[in-house]
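Subject: Structure handover

Hello,

Please find the structure below. My notes on it follow.

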Amino acid sequence: MRISVIGIGYLGAVHAASMAELGHEVIGLDVDRDRVAALQAGHAPFHEPGFDELLQRGLDSGRLRFTSDYAELADADVHFLGLGTPQLADGMGADLGHLRSAIASLTEVLPARGGAPTLVVGKSTVPAGTSRELAATLEQVDGARLMWNPEFLREGFAVQDTLVPDRLVYGVPSGDEQDERVAMLDAVYAPILERGVTRLVMGYEAAELVKVSANAFLATKISFINAVAEMCEATGADVTDVSRALGMDDRIGAKFLRAGLGFGGGCLPKDIRAFLASAEDHGVGDALGFLREVDAVNGRRRTRMVALAEETLGGLEGRRITVLGAAFKPDSDDVRDSPALEVASRLRAAGARVTVTDPEALRTAQRSIPGLCTVPDTQEALRDAELVLLLTEWREYRDLDPVATADLVASPRIIDGRAVLDPQAWREAGWEFRALGRPDSEAPEAPQDPGSSEGPVSSDEAITPGRVLFPSGVRVPA
Ligand code: UGA
């Protein structure tokens, strides 16, 4: 099929290359000409495992190309909308400006199809009611139909999540499975559906709400455990013990129950605010009022980290602090609303001499905070630090050897903002070790952590360090 993807940011670029991978003829469009040129030249504008290869395969096959000109989209049968819906500059709601202008541009080129069936598929995260509003404009063009098919991909797993999603959600006006749009989108996703992926058809508003509810639920789960972490700090408990035991109840589940510096990124923070704003618009703001608290708990973790750093050093002015991690999560170079970067920035503002290192996100970090001192090499970044903060749990940082690292720094002090290090191992190597949600000193009978021999970290994983529970050394997997 001939497909266009409008908006080739993170979501759209991965979607476009994935659709080419499925065998479709794909054209990606963006108003950002630099982005178009980069993608057309095979350069991924962001770090995403597996994307570079996918992009190259699409370009080499001749089935994938990019443009800035809407006229080139006129002969596509299906148009995906992958445009961003950022937080409004002057409020909590979602800015639908990019989506509205894409629909306006499409309505200018679609009449050239002479009424041939044309499907427009929204993938962006939008407030309930958006599809119906956009359809009213779009469907004035003869043959044009709109459906909503929210995207659930995670950064760091974007290719995998697009090609093998947990589920496909189709929103059509009345939720009718016989709606002609359903068969058209089924034809696009045929290779995915053949793998047995479940497809759910529902009304426009339900499809829109699935997406915002999913992100709100994930954010709530993270803030829940971080609220518990505050209680742990007040009572001397270890939040990793609580989280590990909670996660073993499969009604609760271990994923997204990792306490630490909280959530950031281009989705969760703005989506909970937009969900709340949308509920208020519909007169049911009270129902989602708890999301305000979810946001507040999340923000307090950043404040607490800055306070802990100050307390540990007895003042911040002129002190040398090395921050491990700039990205909002590992395996990404995205620094949008990054908890790590916000902490680094607040420490700088308080007069500390901050050095930030990250395997992938230093370029984006510098763009976001001009003048930020960044050092790509971890060992180099650690040299002469008076305090180390682990703020994004890249594998490389989780695997740091406390003994060797102690030789690099000026004073062996570390605060683990992601609760991924083994406190005992670090303390035994002479470090003053502190962590969010964990006690400042080891209980005498605390079990030993065998180290970091686990597989790669998924952002979804519960990564409480594994524990040796039996003298025989039988290790219970995290
Ligand atoms: C999120 C959702 O997980 C995706 O399903 C959704 O499609 C996407 O937003 C979107 O709306 O586009 P993403 O922003 O890639 O995906 O990031 P997550 O993996 O959800 O992580 C978000 C933040 O939560 C990160 O800062 C991470 O460090 C933090 N987090 C995650 C925790 O603090 N604890 C956890 O247990 C899990």
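Helices H9 and H12 are oblique to each other, because an angle that is neither under 35 degrees, nor over 145, nor from 65 to 115 counts as oblique. Their packing angle is about 50°, and the axes lie 9 Å apart. H9 covers residues 204-235 and H12 covers residues 290-313. The crossing of the two helices is left-handed.

On the H9 side, the contact is made by Ala-216, Ala-219, Thr-220, Ser-223, Asn-226, Ala-227, Ala-229, Glu-230 and Glu-233. H12 contributes Phe-290, Leu-291, Val-294, Val-297, Asn-298, Arg-300, Arg-301 and Arg-304. Sorted by class, the contact between H9 and H12 has eight nonpolar, four polar and five charged residues.

Please keep in mind that this is a predicted model.

I also looked at two single residues.

Glu-21 is part of helix H1, which spans residues 10-21. Is Glu-21 buried or exposed? Its relative accessibility is 31%, so Glu-21 counts as partly exposed. Leaving aside residues up to four places away in sequence, Glu-21 touches Leu-54, Arg-57, Arg-63 and Leu-163. Between the C-alpha atoms of Glu-21 and Leu-64 there are 9.0 Å, although the two residues are 43 apart along the chain.

Pro-330 sits in the loop between strand E9 (320-324) and helix H13 (339-349). Pro-330 has a relative accessible area of 7% and is therefore buried, the cut-off being under 20%. Again leaving aside residues up to four places away in sequence, Pro-330 touches Thr-392, Glu-393 and Trp-394. From Pro-330 to Glu-360 the C-alpha distance is 9.0 Å, with their positions 30 residues apart in sequence.

Regards

Terms used: Residues numbered from 1 in each chain as written. Predicted model: local features only at pLDDT ≥ 70, side-chain atom pairs only at ≥ 80, totals over all residues. Heavy atoms only, no water. Helix = DSSP H or I, 4+ residues; strand = E, 2+ residues; numbered from the N terminus. Buried < 20%, exposed > 50% of the residue type's maximum accessible area, 1.4 Å probe, protein only. Contact = heavy atoms within 4.5 Å. Axes fitted to C-alpha atoms, helices over the stretch in contact; angles between N-to-C directions. Left-handed = near helix turned anticlockwise from the far one by under 90°. Nonpolar A, V, L, I, M, F, W, Y, C, P; charged D, E, K, R; others polar.
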